[in-house]
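Student: I would like to go through this structure with you and ask, term by term, what earns each label. Could we take the reasoning slowly?

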Amino acid sequence: MPATYRSGLVWFRRDLRATDHAALHHALRQCQQVHCAFVFDQDILAPLPRDDARVAFIQAALVELDGALRTLAGHPDAGLIVRHGHAHDELPALAHSLDVGAVFTNHDDEPEALERDARVRTALAVSRRAFHTYKDHTVFERDELLTQSGTPYSVFTPYKNAWLRKVDAFYLGAYSVRRHAQALAPRPDWARRPVLSLQDIGFASPSPMQQRLPTGSSGAQKLLADFLSRIDRYDSARDFPAVKGPSYLSPHLRFGTISVRQLARTAHALVSQGSPGAATWLSELIWRDFYFQILHHHPRVVQHSFKSAYDAIAWTSGPQADAWFGAWCAGRTGYPLVDAAMAQLNQTGYMHNRLRMVVASFLVKDLGIDWRRGERYFAQKLLDYDLAANNGGWQWASSSGCDAQPYFRIFNPVSQSRKFDPQGRFIQRYLPELAGLSGMALHAPWLATPLERQAAGVVLGQNYPLPIVDHEQARQRTLERYAVVKTSEPPASM
Ligand SMILES: Cc1cc2nc3c(=O)[nH]c(=O)nc-3n(C[C@H](O)[C@H](O)[C@H](O)COP(=O)(O)OP(=O)(O)OC[C@H]3O[C@@H](n4cnc5c(N)ncnc54)[C@H](O)[C@@H]3O)c2cc1C
């Protein structure tokens with residue numbers, strides 16, 4: 001096929017890998033010469049703490065990507081051009097300096113990213129350069145799966161069934177890069193610089209605990225290989241935070257250091273060989289697609305409840321709520337499983353899925369605090385923070401989302417603890433001050449006998465808090481608070 005453009009530019013964003021990459025594949029096939037770039041976007045970086053672990057994760061991924069592009073090109077001057085500035089200015093300026101005919105990039109459907117891309121598209125059009133965008137981050141996106149009446153799905157199970165009916169080798173196939181890699185261009189003199197360091201962009205290394213996850217595409221493949229050795233047990237192990245059950249691949253999916261097609265293809269093949277673990281795991285990848293299409297079709301969920309009646313709920317506010325919120329963030333609620341989970345988040349940037357549900361439910365239904373406050377805290381702390389999945393998870397927990405748990409289902413933090421951390425191993429790992437307790441005393445230290453607490457060196461109100469709310473009373477308050485949605489809730493559409 002003759003090339004359409006003399007030269008093109010691939011703009012990497014949440015797809016930091018050099019294999020199975022839609023935009024890179026299309027650029028290499030349509031251009032004689034292909035440049036590759038990434039912009040550390042000041043609009044995104046400005047509000048972040050200087051030791052944000054995600055910035056370090058991205059920087060490490062870029063170093064690996066830069067090397068991989070050079071290897072693929074087989075040319076010492078090839079590689080990634082990395083800029084620091086406002087993406088909406090830097091990208092068109094770079095396209096101009098390189099004099100490319102088109103920019104190629106993968107979809108990012110978060111509302112702010114769409115605005116940014118619209119600005120870039122307009123700026124490029126002024127200088128008669130094309131802007132081509134592709135699906136890459138999900139298996140299905142946007143309007144690819146609709147109900148028979150042509151509307152978006154808002155219930156997971158029929159969405160999943162439609163997903164499984166439609167998926168085939170075409171949708172799961174890899175976008176080849178190596179085969180066309182001879183089109184990768186050497187960088188011009190002025191762009192031949194090593195990847196910007198954290199210091200270059202005003203950032204510093206995060207704490208060692210936040211850097212334990214292997215980075216880059218090589219790190220993702222290492223995690224995948226490890227997970228595949230235990231994927232058959234995923235369905236039975238995934239709910240127990242003290243057990244190595246899940247894949248820990250979420251930051252890699254977030255930043256695209258691994259292709260979702262590779263993961264879905266692998267899981268799909270194992271499902272056909274009868275692996276129940278792989279079937280459950282594939283469902284989780286489908287949840288991910290589901291929430292992306294919800295965000296695409298209903299961008300109002302960023303600010304509002306998916307079910308609008310839930311915006312009438314009067315959340316707790318004022319000094320009492322602020323104090324409770326502070327205790328929740330710091331892991332000082334007096335409920336050990338909640339506090340251990342928040343310690344995991346604060347120390348590592350990760351939180352086990354079961355615990356995300358438990359702490360979200362606790363914030364919304366025990367403390368009566370608006371889910372949006374918890375969502376924002378997760379957005380600051382999670383290494384895998386992804387607007388679509390985070391919003392979906394929080395709206396699920398607060399019952400305001402599509403296909404959420406019913407409002408009257410209120411997790412009991414002590415029962416959850418006994419069920420999912422039965423020996424208290426997870427609690428003991430993150431709350432060493434309680435390590436001397438066991439059994440029920442560990443799940444609910446206020447129920448321990450004075451003797452038990454004394455033997456374990458636990459002094460409630462001193463080295464570990466008393467519960468900040470009584471769960472039973474909180475439950476009653478929540479049922480009253482949610483009464484406003486009882487009559488106004490429309491039936492969920494399929
Ligand atoms: C309140 C709340 C907030 C959440 N915030 C995020 C977030 O910001 N980013 C994020 O990626 N996930 C989020 N999740 C979903 C889920 O908790 C994480 O994806 C999962 O814990 C990541 O760990 P893992 O990679 O080991 O997961 P695994 O169990 O190995 O799952 C594999 C992949 O499937 C996807 N996935 C799994 N569960 C879900 C789910 N419920 N919804 C959407 N995708 C899912 C993820 O990409 C994950 O990496 C949230 C869930 C809740 C309840």
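**Labels and their grounds**

Tutor: Let us begin with strand 4 and strand 5, which run parallel and are joined by 5 bridges; please keep in mind that this is a predicted model.

Student: What makes strand 4 and strand 5 a pair?

Tutor: Pairing requires at least two bridges between the strands, and strand 4 and strand 5 have 5, so they count as paired. One of these bridges can be located by residue, with Thr105 having Thr133 in strand 5 as its partner.

Student: How do you know that strand 4 pairs with strand 1?

Tutor: The reasoning is as before: 4 bridges join strand 1 to strand 4, and at least two are needed, so these parallel strands are paired as well. Within this pairing, Gly8 stands opposite Ala102 of strand 4.

Student: Why is strand 4 called mostly covered?

Tutor: Buried means under 20% relative accessible area, and 5 of the 5 residues of strand 4 are buried, which is why the strand is described as mostly covered. Ala102, Phe104 and Asn106 point one way, Val103 and Thr105 point the other way, and all of them are buried. In a regular strand the side chains alternate between the two faces of the sheet.

Student: What kind of unit do strand 4, helix 5 and strand 5 make?

Tutor: Strand 4, helix 5 (residues 111–126) and strand 5 make a right-handed β-α-β unit. The hand is called right because, with the strands pointing away from the viewer, the path from the first strand over the helix to the second runs clockwise.

Student: How many residues of helix 1 are buried?

Tutor: In helix 1 (residues 22–30), 7 of the 9 residues are buried, among them Leu24, His25 and Leu28. The buried residues of this helix pack against several elements, including strand 1, strand 4 and helix 11.

Student: Why is Met209 called partly exposed?

Tutor: Met209 has 29% relative accessibility, and partly exposed covers what lies between under 20% and over 50%, so the label follows. Met209 lies in the loop between helix 7 and helix 8, and leaving aside neighbours within four places in sequence, Met209 is in contact with Gln347 and Thr348.

Student: How do you know that Arg453, in helix 21, has no salt bridge?

Tutor: The nearest side chain of opposite charge, Glu452, is 7.2 Å away from the buried Arg453, whereas a salt bridge needs a distance within 4 Å, so none is assigned. Beyond residues up to four places away in sequence, Arg453 touches Leu437, Pro445, Trp446, Ala448, Val458 and Leu460.

Definitions and conventions
Residues are numbered from 1 along each chain as its sequence is written. This is a predicted model: local features need pLDDT of at least 70, side-chain atom pairs count only at pLDDT 80 or more; totals for chains, interfaces and linings use all residues. Side-chain values use heavy atoms; hydrogens and water are left out. Buried means under 20% relative accessible area, exposed over 50%, partly exposed in between (1.4 Å probe, protein chains only). Lys and Arg count as positive and Asp and Glu as negative; His and the chain ends are not counted. Contact means heavy atoms within 4.5 Å.
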